[in-house]
Amino acid sequence: MKAFFTNGDFFKSSTFIKISAFLFISLAFFYFGKHWSDGYQQLIFFNSRQNPLTSSQTTPTVSLSSNHNKSFDISSLIANTTTQTQTQTQTQTLASIPPPSVPEKLPPPPPLEVQRFGIVDENGTMTDNFEIGDFDPGVAEDWVSENTTEVVEESRAVVKKFGRCNKSMREYIPCLDNVEAIRGLESTERGERFERHCPEKGKGLDCLVPAPKGYRTPIPWPRSRDEVWFSNVPHARLVEDKGGQNWISIDKDKFKFPGGGTQFIHGADQYLDQISKMVPDIAFGQHTRVAMDVGCGVASFGAYLLSRNVLTMSVAPKDVHENQVQFALERGVPAMVAALATRRLLYPSQAFDLIHCSRCRINWTRDDGILLLEVNRVLRAGGYFAWAAQPVYKHEPLLEEQWEEMVNLTGRLCWNLVKKEGYIAIWQKPSNNRCYLSREAGTQPPLCDSEDDPDNVWYVDLKACITRLPDDGAGSNVTTWPARLHNPPDRLQSIQMDAYISRRELFRAESKYWSEIIASYVRVLHWKSYKLRNVLDMRAGFGGFAAALIEHQLDCWVLNVVPVSGPNTLPVIYDRGLLGVLHDWCEPFDTYPRTYDLLHAAGLFSIERKRCNVSSIMLEMDRILRPGGRVYIRDSVGVMDELQEIGKAMGWHVALRDTSEGPHASYRILTCDKR
C-alpha cells in the first residue's frame, strides 16, 4: 500500500480523478451561488433571530446579501483552485483567496451605543430595560477623627463629609446636655434642669457621635432582657448604687439583670402576679395593654410585662442615675428620657391603661398635686395607678403624714382606692365626669377650662387642674387586646385634619397599605432574618406601620412619632394599644445614642424640608441609630438625590429602590445601612 502512494500510481488512478472532480464541482457551485453577479445581485437570506432591543417576540426578518452590488472574476477563482494538488489543504487554500480587484463599498460604521435613560425604545415600545442612574457602592470606612470636615463638590450637590465628634460626646443627648442653657436657668428646684433645653440655631450637632471603644453588636432579644455587653454601656455606677436591690450586676464582660427592683427584690414576675391577684380587673394583656413606669430604673417592670402582651413606656430623667434609660433600651425594652417637672409629658390624654411608680422619688402632693394631676391627664378613664412606696406600708409619723396627704389628694381627684396590700396601693380613675361635677363648690383642684386641649403637649406648662373627660365616653370604651389593634376608635373622629372622606376609611386604608408593604418586605427583603428589636417610626400617622409589624409577627416594638407639623394622631395610636410620642423633627430627639435598630420615615422629608435643615435631621438619625442598624425612607423623587448624598457623607451604605407601584411612580425607597 505504501508503494502504491509513493510511486505515483494513486494520483493516476480513476478514484483520485473522481474525488477531485467531485470536490471541484462542489466548490464551483458554492462560489457561483454565493458570489453571483450576472443579473441576480440581490441574494435574499432569511433570519429568525430576534433583536432584543426592539421586540420580545421571535419574528422572521428579511435582509439583503452583504455582496449586493459587488463583482467577482470567476475564472481567476477557478484557476487558483486547480493549482492545488493536496486534498487535505484545499479548503485552507480556497479560504485564503485574495480579495477581488474591484473596490468594494465599505459598510457604514455602526452607530454609537446609546445608554438608555428613558422608558420608550426607538419603536415607541414601553420597556423596563433602562437605568435610573449611577450607583456607587463604595463608602469610606475610615473617617477623619474629631471635628474635621471636608467639602466634596459633585454634579448634583455640594456634600459635606462629616467627621467624628469628640469622644466625650459618646452619650450625648443634645437637648438634655446643653450645659450652657442649664446654667442660665433662673430656678432648678422643680426639676427644670431635667427638661428640654435645645441648642440654639447654628449650634446643633454637626458631627458623627462615636460608639464606645469595644462596641459590639447587641445581644438579640429575648436574651437581651437578662444580659447585655458591658462595652456597649460601660457605666458601673448603677451597680454600685443598686447592687443590693437585685437591679443589675456585672459578670465578666456582661451586665446581668436578675429582674428585681427596689420594692420587688424577689423579682418582677412575682411582683406582677401580686398586682394581678390584688385587682383581677387589671387583666394584663387584655384590659391592660399600654402602661407607664415612672422612675423605671433599668425597666425590669416593663421588661417582664412584655411576656404578658403589655407595652410599657419606661420613663426616667437623666439624673444621678443617668444611664438607667440607656440600659433599658440596650435590653430591648421601650423607654424614654423624660421628667415630671414643669411641662406636660409628650403623651396624649388617656394614653395609659396603668401607671406604675415604685419608689420613684416623686413628691406627688407638692404644688397642689400638680404632678399627680399630670398623671391623671395621661391615665385612661377607668385606668389604674399603682404606687409602691414607704408611705404605703411604714408606720412612721412623717411617712404616715405623707400617706394621709396622698389619700386626701386622690379623693379630691375622685380616684377610688381599690386595694392596699403590703407595700402596694392601687387606685382607679373614674370613667366619666359625674364625680367631678358633684364635688362641693370651691374644691381644689378645679376642673380645667372647657377650652383646654389636653392633647396639646409640645412645650406646654403643667396645669393644676383636673382634665375633663369627653362627654361621649371616647377613650374609656376601647375594646380589649388584641381586637383594639384593628378597631377604629371613637377618638378617631376628634382628629383635626383635612379629610374629604370618612376617617374610618382612611384608618382602614392605611392599615391595609402598610400590611401589604410589610408583607412584601418580609417576602422580598427577608425582614424576619433581621434582628430587629427597637424600631422608630418617624411619621407614624395612625400607627399602621407598627400594627403591620405585629400582624406579621416581627418580634419588635415600635415607638410611633407624630410630628408637630401634622395632625395629632397620638390618641388613636394609644387607643390601638401602641406607644407613641409627639415631636418636632427640627429639634433633636430625647434618647441616647445607638438606641434603635431600624428608623422608618414615610413622607417625612418632603414635608419637613420646608421647615428644617435636612442634614440636621439625618445627623440626628445617625446619632440614635445603632451601628449595623437600618434606615428605610419612602419619599418623593424630588428629595432622594439630596438624601443619598447626605447619607454617603455620613458613611451610610445607600441604595435607591422602586416602590411596589413600579419604576415610574413619583415615590422611591431609600435603604441605608449604618456601618
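Me: What is the torsion about the S-S bond of C175 and C198, and which hand does that give?
Reply: The torsion is about 105°, so the C175 and C198 disulfide is right-handed. Bear in mind that this is a predicted model.

Me: Where do C175 and C198 lie?
Reply: C175 is in the loop between strand 4 and helix 6, while C198 is in the loop between helix 6 and strand 5, so the bond ties together parts 23 residues apart in sequence. The S to S distance for C175 and C198 is 2.0 Å.

Me: C175, buried or exposed?
Reply: Buried, at 1% relative accessibility.

Me: How many disulfides does the structure hold?
Reply: The structure holds 6. With bonded cysteines counted along the chain, the pattern is 1-4, 2-3, 5-6, 7-8, 9-10, 11-12.

Me: What about C165, what does C165 bond to?
Reply: C165 forms a disulfide with C207, the sulfur atoms being 2.0 Å apart. C165 sits in the loop between strand 4 (158-161) and helix 6 (179-183) and C207 in the loop between helix 6 and strand 5 (227-229), so this pair ties together parts that are 42 residues apart in sequence.

Me: Which hand does the disulfide of C165 and C207 have, and why?
Reply: The torsion about its S-S bond is about 105°, so the disulfide of C165 and C207 is right-handed.

Me: And are C165 and C207 buried or exposed?
Reply: C165 is buried, with a relative accessible area of 3%. C207 also counts as buried, at 4% relative accessibility.

Me: Where does the C414 to C435 disulfide sit in the chain?
Reply: C414 lies in the loop between helix 13 and strand 13, and C435 lies in helix 14 (residues 434-437). The two are 21 residues apart, and the pair links distant parts of the chain. Their S to S distance is 2.1 Å.

Me: Is the disulfide of C414 and C435 left-handed or right-handed?
Reply: Left-handed, because the torsion about the S-S bond is about -85°.

Me: How buried or exposed are C414 and C435?
Reply: C414 is buried, with a relative accessible area of 11%. C435 counts as partly exposed at 32% relative accessibility.

Me: Switching to the sheet. What is the strand order with 10-9-8 in it?
Reply: The order is 10-9-8-11-12-14-13, an open sheet of 7 strands with mixed pairing. Strand 10 (335-337) and strand 13 (416-421) are the edge strands, each pairing on one side only. On average, neighbouring strands of this sheet are turned by 20° against each other, direction ignored.

Me: In which sense do strand 12 and strand 14 pair?
Reply: Antiparallel, over 5 bridges, between residues 379-388 of strand 12 and residues 424-428 of strand 14. One bridge can be named: W387 has A425 in strand 14 as its partner.

Me: Which strands does helix 13 lie across?
Reply: Helix 13 (residues 397-412) lies across strand 12, strand 13 and strand 14, and runs at about 15° to strand 14.

Me: And helix 10? Which strands does helix 10 lie across?
Reply: Helix 10 (residues 324-331) lies across strand 9 (311-316) and strand 10. Its angle to strand 10 is about 155°.

Me: New topic, helix 16. How many of its residues are buried?
Reply: 6 of the 8 residues of helix 16 (residues 544-551) are buried, so the helix is largely enclosed by the rest of the structure. The buried ones are G544, F545, A546, A547, A548 and L549.

Me: What do the buried residues of helix 16 pack against?
Reply: They pack against helix 15 (503-524), strand 15 (534-537), strand 16 (557-563) and strand 18 (596-602).

Me: At what angle do helix 15 and helix 16 pack?
Reply: At about 50°, with their axes 8 Å apart. Helix 15 and helix 16 are therefore oblique to each other. Their crossing is right-handed.

Me: Which residues meet there, between helix 15 and helix 16?
Reply: From helix 15, E510, W514, S515 and I518. From helix 16, G544, F545, A548, L549 and E551.

Me: What phi does Q553 take, just after helix 16?
Reply: Q553 takes a positive phi of about 60°.

How values were computed:
Residues numbered from 1 in each chain as written. Predicted model: local features only at pLDDT ≥ 70, side-chain atom pairs only at ≥ 80, totals over all residues. Heavy atoms only, no water. Pairing = 2+ DSSP bridges. Helix = DSSP H or I, 4+ residues; strand = E, 2+ residues; numbered from the N terminus. Axes fitted to C-alpha atoms, helices over the stretch in contact; angles between N-to-C directions. Contact = heavy atoms within 4.5 Å. Disulfide = S-S within 2.5 Å. Buried < 20%, exposed > 50% of the residue type's maximum accessible area, 1.4 Å probe, protein only. Parallel < 35°, antiparallel > 145°, perpendicular 65-115°, else oblique. Left-handed = near helix turned anticlockwise from the far one by under 90°.
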